[in-house]
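Here are a few short exercises to work through with the model open beside you. Try each one before reading its solution.

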Amino acid sequence: ETCHVPALTAAPVPPSGPSDGTLYSFYVYRSQGNASYPPKDVNAANLAGVMWYLQHEVMITDPPKFGITRILRYKVQMRAPASLLKKGMNFGVRYAYDSQKCTGPGKCDDMYDI
């Protein structure tokens, strides 16, 4: 089964101007039910992480947690914004999401202040 995700119509605007950071390309995986929605404000993991999640949190209930029935794979390309590079970082803080809402840890409202 293939999930169609619409392509972006315009490139996202960097939060702090152009960046000369390294362009990274990698795959992320997401466990999800039959619903189809864009991969925005959702959890994703490496393959080992999503398999751990399925084994330890999803398949321990019947029916499975959140109605999860499949694993989606996304190819991601990202470049750290200039403000993050100035702090010596390529990736920001990890936050968890449930049903497209930030659940922490920490203060979700402050998550994009860098």
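**Exercise 1.** What percentage of the 114 residues of the chain count as buried?

*Solution.* Buried means under 20% relative accessible area, exposed over 50%, and partly exposed in between (1.4 Å probe, protein chains only). By that yardstick, 25% of the 114 residues are buried.

Some ground rules: this is a predicted model, where local features need pLDDT of at least 70, side-chain atom pairs count only at pLDDT 80 or more, and totals for chains, interfaces and linings use all residues. Residues are numbered from 1 along each chain as its sequence is written, and side-chain values use heavy atoms, with hydrogens and water left out.

**Exercise 2.** Which pattern does the chain follow along the sequence?

*Solution.* Start with the elements: there are two helices and four strands (DSSP runs, H or I of at least four residues for helices, E of at least two for strands, numbered from the N terminus). Then read along the sequence, and you get β-α-β-α-β-β.

**Exercise 3.** Find the salt bridge: which residue pairs with Glu-57?

*Solution.* Look for a side-chain nitrogen of Lys or Arg within 4 Å of a carboxyl oxygen of Asp or Glu. The structure holds one such bridge. Glu-57's partner is Lys-65, with the closest N and O atoms 3.3 Å apart. Now check exposure: Glu-57 is partly exposed at 30% relative accessible area, and Lys-65 is partly exposed at 28%.

**Exercise 4.** Where does Ile-71 lie?

*Solution.* Ile-71 sits in strand E2, residues 70-78. Its relative accessible area is 37%, so Ile-71 counts as partly exposed.
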